[in-house]
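Here is a set of short exercises to work through with the model open beside you. Try each task before you read its solution.

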Amino acid sequence: MVDRGASALSLPDDWPAHPDPILALNRMGSFDWDLDTGLFHMDAQAHEVFDLRPDEYDGHPTTLAIRVPPPEAYRLDGLVSQAMKDGSENYGAYFRIRRRDGTLRWTHTQGYIRRDETGRPRRIIGIVRDATDELAESEERREQAAEDEARRQQTSVVQLTTAALAHARTVQDVIDVLKDTHGLSNLGATSLVMGLVEAGRIRLVAEGPVGSFVPGTRVTRIDEQYPMSEVVRTLSPRFIESPEEFADRYPILWPHITDLSITAAAYLPLIAQARPIGAIGLLYSDRGGFSAEDRNVLVALGSSIAQSLQRAMFYEQEKDLATGLQQAMLPRTIPSVSGADVAVRYRSASLGRDVGGDWYDLIPLPGGRVGAVIGDVQGHDTHAAAVMGQLRIVLRAYAAEGHTPATVMARASVFLHELDTDRFATCLYAEADLSTGVVQVVRAGHIDPLLRAPGGACRRVPVEGGLPLGLSAEFGRLEYPVATIELDSDHTLLLCTDGLVEQPGADLDDGMQTLTALIATGPDDVRDLADRLIDVAEERGGEDDVALLLLRRSVVDAPQSGGRLQQHVAPGDPQALTGARHMIRAAVRAWGAVDRADEIELVADELITNALMHTEGSAIVTLRVLTGSERRLRVEVEDSSSALPRRREAGESGVSGRGLLLVDLLTDVWGVDARGGGKAVWCEFLVPERS
């Protein structure tokens with residue numbers, strides 16, 4: 001029963017030390033439910049209403065389950081959840097509790113929902129009181145309407161059980177509802193047995209109470225002389241109204257259940273879509289028969305159980321399919337990478353068949369490089385998992401083809417946009433040169449990476465990002481800025497999806513700060529650290545999957561030669577030009593060319609500026625180390641113009657016309673290569689061998 005006329009409530013400031021005297025006078029208990037912490041505080045009178053001693057209650061609503069039967073709890077939870085969802089300020093309801101002596105008492109609760117300025121519920125305060133006398137009918141009327149009341153109670157059994165079964169997702173959930181002590185009491189049965197039809201046999205999936213199992217009945221044939229087999233064969237219920245009838249009709253089973261003092265039994269086929277999926281048996285020790293009304297109620301109960309079971313079986317099948325699809329789309333193994341320790345972890349949220357589209361990948365690349373990917377496709381279903389698998393494959397293919405990180409991301413966005421889907425995806429791609437520690441990072445709507453130093457110091461690395469994959473192609477904004485990170489020896493790069501960061505009641509920045517602090521206090525070993533982070537995610541729960549990739553650089557095992565970095569610079573994009581300069585400085589230091597750093601930076605900057613000023617397109621800057629008889633650092637700037645550069649006399653201002661003169665004076669050798677519809681201006685610098 002629901003009371004829609006609940007009024008707003010308030011509690012004294014020093015509650016519960018000094019309860020409201022008016023409430024206490026009317027034998028009303030009060031409560032204060034903190035929705036952020038989950039704690040449900042009650043005063044002494046509320047403890048008395050629930051028949052709980054202070055030492056029996058720990059402040060969590062789930063502890064009240066020892067007094068509130070599951071069907072009542074399900075109904076009450078649904079009412080409160082709906083009130084919070086639809087913006088209501090208050091709610092009221094009658095429900096039953098079972099006191100420690102086993103008696104059922106009606107209780108009334110009235111709550112006031114307090115919300116913050118955004119409308120989000122933060123706290124519920126209210127009262128509880130015993131309402132048994134209020135709802136009780138007069139004794140005379142009860143006697144006159146005893147038969148009608150019995151019918152109502154039986155109908156209520158079906159309604160309450162059906163309400164409880166509505167929350168069951170799995171077959172085990174259905175079994176738990178039926179086997180619950182209060183559930184058996186509501187059904188009026190002493191013992192319960194249930195089996196499912198599998199490959200021409202009946203497999204026992206539930207029996208209760210403990211000790212009522214009959215040996216040899218775990219799996220039985222449908223043609224055997226058992227009551228569940230009979231109702232499955234005939235698709236008709238069987239009502240047994242005396243011990244003598246039971247012994248006569250089922251002589252194989254009866255000797256094994258005589259200790260249960262059975263006086264009557266009802267066996268019901270569980271039928272869904274005109275075929276039997278199982279059977280349930282209810283055994284009674286205080287019943288002498290079944291009226292027509294009794295039989296109708298029990299048949300309706302069997303129908304409700306069958307629908308819930310079929311729904312649960314479909315649910316589990318879809319969950320298995322979705323989970324299998326998701327696992328097939330994720331990489332089976334992570335390749336070992338010389339020069340790095342890598343750990344990956346994946347945690348699925350407890351959402352049944354609603355699997356997510358989170359993924360990770362590690363892509364070995366030529367020249368001692370490796371690509372690390374983390375991403376999340378919008379949605380939680382098999383379609384999200386399928387899109388995730390396709391994206392993972394194309395990202396790996398584009399990276400392996402040698403495209404720059406920005407190009408890899410742009411092409412992946414175009415691919416997703418051209419798919420027949422309305423999904424988008426966030427993604428972060430990091431390409432690391434393990435010989436130098438230079439990491440180029442591109443972000444498409446994803447959360448920033450984290451960088452952890454040996455000993456625990458951890459920081460968030462802000463990376464300017466572009467739109468999520470799919471959206472950037474739809475809106476024609478495919479330019480992705482490239483950030484450069486220096487990954488020193490024994491430093492760890494951490495990539496994750498937002499399921500590890502987001503927490504109820506906290507914004508993303510707060511979540512990142514919490515994660516950073518957690519990483520800082522974690523172990524240095526990447527596998528142990530990954531395990532700890534996933535354990536925390538498990539404890540926290542949450543409705544989103546978690547994907548995690550940790551890459552720790554180890555110089556000892558890193559290749560000592562080679563190296564290649566590349567970055568796209570668009571015209572009119574000062575951030576891209578700044579990023580390219582940063583990449584050049586980092587590479588020069590990492591590759592041991594510090595003595596010539598100024599020369600290399602000046603020449604590279606001149607070549608990039610010329611490409612942007614004298615052509616109509618973008619420039620692609622490539623740095624690589626060439627090894628042989630001499631060690632050289634090569635800078636290439638590629639553009640889409642086929643016009644060759646030419647040396648000009650410096651103007652009167654002395655500013656223009658000096659570009660190629662500087663290149664000629666500062667480099668050891670330079671030249672121009674034709675590249676299809678464009679060209680590449682290159683230059684090389686002799687650099688000492690690295691010690």
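pLDDT is the predictor's confidence in each residue, from 0 to 100. You will want it at hand, since this is a predicted model.

**Exercise 1. Get an overview of the chain and find stretches to treat with caution.**

Task: Describe the make-up of the chain and state where pLDDT stays under 50 over residues with few or several contacts beyond four places in sequence.

Solution:
- Start with the secondary structure: the chain has 20 helices and 26 strands.
- Next, look at burial. Of the 691 residues, 48% are buried.
- Then turn to the surface, where the chain exposes about 32,400 Å². Carbon and sulfur atoms supply 49% of that area.
- For contacts, take those between residues at least 6 apart in sequence: 64% of them join residues at least 24 apart.
- Finish with confidence. The average pLDDT is 81, and 82% of the residues score at least 70.
- Residues 4-8 stay under 50, and the model gives them seven contacts beyond four places in sequence. Residues 652-656 also stay under 50, with four such contacts.
- Where pLDDT is low, the predicted coordinates should not be read in detail.

**Exercise 2. Analyse helix 17.**

Task: Work out how long helix 17 is, which of its residues are buried, and what covers them.

Solution:
- Begin with length. Helix 17 runs over residues 526-540, which is 15 residues, and reaches 21 Å from its first C-alpha to its last. That is close to the 21 Å expected at 1.5 Å a residue.
- List the buried residues: Val526, Leu529, Ala530, Leu533, Ile534 and Ala537.
- Look down the axis of helix 17: these buried residues fall within an arc of 130 degrees, so they line one face of the helix.
- The spacing fits a general rule: an α-helix has 3.6 residues a turn, so residues three or four places apart point the same way.
- Now find the cover. It includes strand 12 (340-347), strand 17 (450-452), strand 20 (492-496), helix 16 (508-520) and strand 21 (546-553).
- Check both ends. At the start, a side-chain oxygen of Asp525 comes within 3.0 Å of the backbone nitrogen of Arg527. Just after the helix, Gly541 has a positive phi of about 75 degrees.

**Exercise 3. Examine two more helices.**

Task: Find which residues are buried in helix 7 and in helix 13, and check the span of helix 13.

Solution:
- In helix 7 (residues 171-179), the buried residues are Val171, Val174, Ile175, Val177 and Leu178.
- Seen down the axis of helix 7, they fall within an arc of 160 degrees, so they line one face of the helix.
- Move on to helix 13 (residues 382-400), where Thr382 is found. Its 19 residues should span 27 Å at 1.5 Å a residue, and the end C-alpha atoms are 27 Å apart, which agrees.
- The buried residues of helix 13 include Ala384, Met388, Leu391, Arg392, Leu395 and Tyr398.
- Thr382 counts as partly exposed, at 35% relative accessibility. Its C-alpha lies 8.4 Å from that of Gly357, although the two are 25 residues apart in sequence.
- Just after helix 13, Gly402 takes a positive phi of about 95 degrees.

**Exercise 4. Find positive phi values outside glycine.**

Task: Place Ala199 and Asp490 in the structure and decide whether each is buried, partly exposed or exposed.

Solution:
- Recall the background: most residues other than glycine have a negative phi.
- Ala199 has a positive phi of about 50 degrees. Its place is the loop between strand 6 (191-198) and strand 7 (201-208). At 82% relative accessibility, Ala199 counts as exposed.
- Asp490 has a phi near 65 degrees. Its loop lies between strand 19 (483-486) and strand 20. At 32% relative accessibility, Asp490 counts as partly exposed.

**Exercise 5. Trace the surroundings of two loop residues.**

Task: What do Val337 and the side chain of Asp58 contact?

Solution:
- Val337 is in the loop between helix 12 (292-329) and strand 12. At 16% relative accessibility, Val337 counts as buried, the cut-off being under 20%.
- Leaving out residues up to four places away in sequence, Val337 touches Leu362, Val370 and Leu434.
- Asp58 is in the loop between helix 2 (44-49) and helix 3 (70-85). Its side chain reaches the backbone nitrogen of His60 at 3.1 Å, and a polar contact of 2.5 Å joins it to the side chain of Thr63.

How values were computed:
Residues are numbered from 1 along each chain as its sequence is written. This is a predicted model: local features need pLDDT of at least 70, side-chain atom pairs count only at pLDDT 80 or more; totals for chains, interfaces and linings use all residues. Side-chain values use heavy atoms; hydrogens and water are left out. Helices (H or I, at least four residues) and strands (E, at least two) are DSSP runs, numbered from the N terminus. The expected span of a helix is 1.5 Å times one less than its number of residues. Buried means under 20% relative accessible area, exposed over 50%, partly exposed in between (1.4 Å probe, protein chains only). The arc is that of the directions from the helix axis to the C-beta atoms. Contact means heavy atoms within 4.5 Å. A polar contact is a pair of N or O atoms within 3.5 Å; within protein, one must be able to donate a hydrogen and the other to accept it, and residues adjacent in sequence count only if both atoms are side-chain atoms. Accessible areas come from the Shrake-Rupley method with a 1.4 Å probe; for residues, only the protein chains shown count as cover.
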